[in-house]
Amino acid sequence: MLNTELTFTDEFGSLLVIMPSVLKKLLGYRQLDSFSNEAAGVLIGERRESHVVVHEISEPGEGDIRRRYFVDRRGPHHQAVVNEAFARSSGRLQYLGEWHTHAEDSPSPSAMDLGTWRRHLVAQEKMVLLIVGRKKIWAAKKDAELIVPLIGV
Ligand SMILES: [Zn+2]
């Protein structure tokens, strides 16, 4: 599983591809024991027509607030990683959305998650949302006000 990418689709066949190196990092933050806290970061990658490929992420760091059932991605390094990737790739690698973990096997967004995304994740383009659970990864696209869960391929 670690050496393959993870792919999701929406009902129109638009794909979300998570590259193997990203998947490996995300799985490393799973809350597998009783004291591990939530982790969060941003997703970075490219848009190809209606498809999205996640190539990089930012990871937890200084300034973030991490609890068992709460995370706040406050560290300034998240935006720095986005800026660095954008500059290095001449704009090909962009901010695509965000990820965080949940201490549940099959994760689903909390009311707080939905509220935060609706208020703060405002963009012209569709944004990607990932929640990394202990056994499954929940993925969705945010299209204006609509949050549309994706299906694993
Ligand atoms: Zn959450």
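**Exercise 1. Which residues of α1 are buried?**

Solution. Before starting, note that this is a predicted model, in which local features need pLDDT of at least 70 and side-chain atom pairs count only at pLDDT 80 or more, while totals for chains, interfaces and linings use all residues. Residues are numbered from 1 along each chain as its sequence is written.

Step one is to apply the burial rule: a residue is buried if 20 or more other C-beta atoms, placed from the backbone, lie within 10 Å of its own, exposed if 12 or fewer, and partly exposed in between. By this rule V22, L23 and L26 are buried in α1. Step two is to look around the helix axis, where these residues cover an arc of only 100°, which puts them on the same side of α1; the arc is that of the directions from the helix axis to the C-beta atoms. Step three is to find their partners, and the buried residues of α1 pack against β1, β2, β4, β7 and β8. Here a contact means that the C-beta atoms of two residues, placed from the backbone, lie within 7 Å.

**Exercise 2. Describe the order of the strands in the open sheet, and follow the pairing from β3 through β7 to β8.**

Solution. Helices (H or I, at least four residues) and strands (E, at least two) are DSSP runs numbered from the N terminus, and the protein has three helices and 11 strands. Two strands pair if DSSP finds at least two bridges between them.

First, write down the order of the nine strands, which is β10-β9-β8-β7-β3-β4-β2-β1-β11, with mixed pairing. The edge strands, β10 (146-149) and β11 (151-152), each pair on one side only. Next, take β3, which is joined to β7 by six bridges and runs antiparallel to it; in β7, the bridge partner of L43 is G97. Then move on to β8, which runs parallel to β7 and is joined to it by five bridges, with V128 in β8 as the bridge partner of G97. Finally, return to β3 (residues 40-48), which six bridges join to β4 (residues 51-57) in an antiparallel arrangement, and where E46 stands opposite V53 of β4.

**Exercise 3. Find the residues with the most contacts inside the largest nonpolar core, and say which strand gives the most to it.**

Solution. A nonpolar core is a set of buried Ala, Val, Leu, Ile, Met, Phe, Trp, Tyr and Cys residues joined through C-beta atoms within 7 Å. The largest such core has 32 residues, and those with the most contacts inside it are L43, I44, L96, V128, L130 and A139. Among the elements, β8 gives the most, with six residues. To see one of these residues in detail, take L130, which touches L43, W99, I137 and A139 when residues up to four places away in sequence are not counted. As a last step, consider β7, where seven of the eight residues are buried.

**Exercise 4. Is N83 buried or exposed?**

Solution. Begin by locating N83, which is found in helix α2. Helix α2 (residues 77-88) packs on the sheet and touches β3, β4 and β7. Now count the neighbours: N83 has 11 C-beta neighbours inside 10 Å, and therefore counts as exposed. For a wider view, the C-alpha atoms of N83 and T116 are separated by 23 Å, with the two residues 33 apart along the chain.

Key. Axes fitted to C-alpha atoms, helices over the stretch in contact; angles between N-to-C directions.
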